[in-house]
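Here are my notes on this model, as numbered points. They begin with the ligand and then turn to the domains.

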Amino acid sequence: MHDLGILLSGRGSNFLAIADAIASGKIPNAQIAVVISNLAEAPGLAAARQRGLNAIAIEANGRKRAEHDQEIVATLQAHKVDLVCLAGYMRLLSPRFIQAFPQRILNIHPSLLPAFPGLDAQLQAFEFGVQVTGCTVHFVDEQLDHGPIILQRSVPVFEDDDPHSLAARILKQEHIAYPEAIARVLSGKYETIGRRYLPKP
Ligand code: GRF
């Protein structure tokens with residue numbers, strides 16, 4: 001059984017998509033061991049509690065990033081987490097956090113990386129005038145929105161879109177992409193070669 005740890009800061013719709021995919025067997029042999037938020041009032045944390053999951057707020061409270069991260073790492077380890085999924089977690093991870101889970105931290109970003117890293121990726125893409133954008137699930141490394149790509153899904157940008165309608169279209173694809181990417185990683189059938197994530201021969 002694979003034990004997932006989810007980190008979130010907000011709404012938690014990607015967390016719920018992952019939880020639903022586990023319940024329906026789309027992510028086999030997995031369970032959510034713990035959901036952690038840096039914000040106690042995150043709606044995603046309340047949703048996790050409602051589902052009977054371990055849901056823990058670990059707020060920074062003015063502490064340095066490394067110290068706050070150390071408490072999160074200890075909590076993940078105490079719950080025997082073997083895959084960490086960032087799902088709208090709005091803080092950068094310290095190098096020691098990343099080193100504690102080598103190739104075992106995933107993130108979802110609402111653009112086709114390497115285009116539009118950072119905040120408000122959907123708005124960045126809209127304002128740039130791209131006609132295709134999407135979402136990316138990738139391994140986390142020490143650079144922002146940068147690690148090897150596990151999978152991407154694209155969406156068109158329509159002439160009558162606004163940033164809101166575009167973000168909603170991307171979000172639907174995020175909810176498909178994240179569970180698929182987790183299943184791919186847990187299957188053990190893929191490997192990272194350079195920056196490419198490929199089926200093992
Ligand atoms: C998503 O757009 C995700 O790509 C980004 O933050 C947002 C989180 O949304 N990293 P939710 O909390 O999962 O609903």
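1. Start with the pocket. The ligand sits in the largest pocket. Keep in mind that this is a predicted model.

2. Next, the shell. Which residues surround the ligand? Arg11, Gly12, Ser13 and Asn14 are among them. Gly88, Ile108, Pro110, Gln122 and Glu174 are also part of the surroundings.

3. The shell can be sorted by class. Five of its residues are polar, two are charged and two are nonpolar.

4. Now the polar contacts on the ligand's oxygen side. Arginine 11 uses its side chain: an N or O atom there is 2.5 Å from an oxygen atom of the ligand. Asparagine 14 uses its backbone instead, with an N or O atom 2.8 Å from a ligand oxygen.

5. A nitrogen atom of the ligand is involved too. Its partner is a polar backbone atom of isoleucine 108, at 3.0 Å. How much of the ligand's accessible area does the protein cover? On its own, the ligand has 370 Å² of accessible area, and the protein covers 87% of that.

6. On to the domains. The protein chain is divided into domain 1, residues 1–102, and domain 2, residues 107–201. Their C-alpha centres lie 19 Å apart. The contact between them takes 21 residues from domain 1 and 16 residues from domain 2.

7. Where does the ligand shell come from, in terms of domains? Domain 1 and domain 2 each supply at least three of its residues. Arginine 11, with its side-chain contact to a ligand oxygen, falls within the 1–102 range of domain 1. Isoleucine 108, with its backbone contact to a ligand nitrogen, falls within the 107–201 range of domain 2.

Methods
Residues numbered from 1 in each chain as written. Predicted model: local features only at pLDDT ≥ 70, side-chain atom pairs only at ≥ 80, totals over all residues. Heavy atoms only, no water. Near = heavy atom within 4 Å. Polar contact = N/O pair within 3.5 Å; in protein donor to acceptor, adjacent residues only side chain to side chain. Areas by Shrake-Rupley, 256 points an atom, 1.4 Å probe, with all protein chains shown as cover. 1 Å grid on protein atoms, 1.4 Å probe; cavity = no way out; pocket = protein on both sides within 12 Å on 5 of 7 lines; lining within 4 Å. Sits in = over half its atoms within 2 Å of the grid points. Nonpolar A, V, L, I, M, F, W, Y, C, P; charged D, E, K, R; others polar. Domains from an automatic or database assignment. Contact = heavy atoms within 4.5 Å.
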